[in-house]
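Me: Please take a close look at the cysteines of this chain. Which of them are joined, and what can be said of the others?

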Amino acid sequence: SSGINAEYGKYNSDITPIAVPLIVVGAILVLVGLVGCCGAISGKHGLLNIYIIVVVIVIVVEIAVCIYCVIKKNDIRDMSVEGGKELMDNAKSGNATEAQITSVNSIQYILECCGTSGKDFWGNGEYPNSCCSTYTYEEATGKQLVMV
């Protein structure tokens with residue numbers, strides 16, 4: 001149990017640099033929304049102007065992020081594929097942690113796939129039961145892949 005928590009704790013600490021700014025941005029947007037609401041209720045043009053300026057800035061930033069993602073889509077896809085291959089290879093070699101096994105099972109269940117290239121990826125005619133249509137999501141956690 002403590003091993004699982006330590007493993008998940010590692011992933012939690014990895015997302016902290018992303019989560020904290022998102023929470024801050026969300027809090028700022030709530031405050032901006034309150035400013036807009038107060039401006040609309042009170043009829044004060046200054047508050048409404050602040051609201052409009054911030055909303056326009058947010059929209060411009062969102063458009064910039066979308067453009068960046070479109071430009072970098074190949075890099076993003078390559079990083080995703082590389083990470084998926086590494087995860088599957090770890091599971092295949094038996095070096096996967098419990099969290100990684102849970103991830104492999106969940107990915108195979110949700111995407112209805114098996115390995116990176118089908119059931120043959122796992123070799124020896126065996127493959128994890130998460131490749132099967134009878135697999136249920138509740139079975140995703142485990143210390144090892146259950147081969148069938």
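Reply: The account below takes the bonded pair, then the free cysteines, and then a patch on the surface.

The model is a predicted one. Searching the whole structure yields 1 disulfide. Its partners are Cys114 and Cys131, with 2.0 Å between their sulfur atoms. This pair links distant parts of the chain: Cys114 and Cys131 are 17 residues apart, and each is placed in the segment after α4. The link of Cys114 and Cys131 is right-handed, with 80° about the S-S bond. As for solvent exposure, both Cys114 and Cys131 are buried.

Cys113 takes part in no disulfide; the nearest cysteine sulfur belongs to Cys131 and is 7.3 Å away. Cys113 has a relative accessible area of 25%, so this residue is classed as partly exposed.

Cys38 has its closest cysteine sulfur in Cys37, at 5.8 Å, which is too far for a bond, because a disulfide requires sulfur atoms within 2.5 Å. Cys38 also counts as partly exposed, because its relative accessibility is 43%.

The segment after α4 (98-111) also holds Tyr137. With 41% relative accessibility, Tyr137 counts as partly exposed. Tyr137 belongs to a nonpolar patch on the surface, which it forms with Ile107, Tyr109, Ile110 and Leu111. Together these residues have about 490 Å² of accessible area. Membership of such a patch calls for over 30% relative accessible area, and the 41% of Tyr137 is the value to set against that cut-off.

Terms used:
Residues numbered from 1 in each chain as written. Predicted model: local features only at pLDDT ≥ 70, side-chain atom pairs only at ≥ 80, totals over all residues. Heavy atoms only, no water. Patch = residues over 30% accessible without salt bridge, like charges linked within 9 Å, V, L, I, M, F, W, Y side chains within 5 Å. Areas by Shrake-Rupley, 256 points an atom, 1.4 Å probe, with all protein chains shown as cover. Salt bridge = Lys/Arg side-chain N within 4 Å of Asp/Glu carboxyl O. Helix = DSSP H or I, 4+ residues; strand = E, 2+ residues; numbered from the N terminus. Buried < 20%, exposed > 50% of the residue type's maximum accessible area, 1.4 Å probe, protein only.
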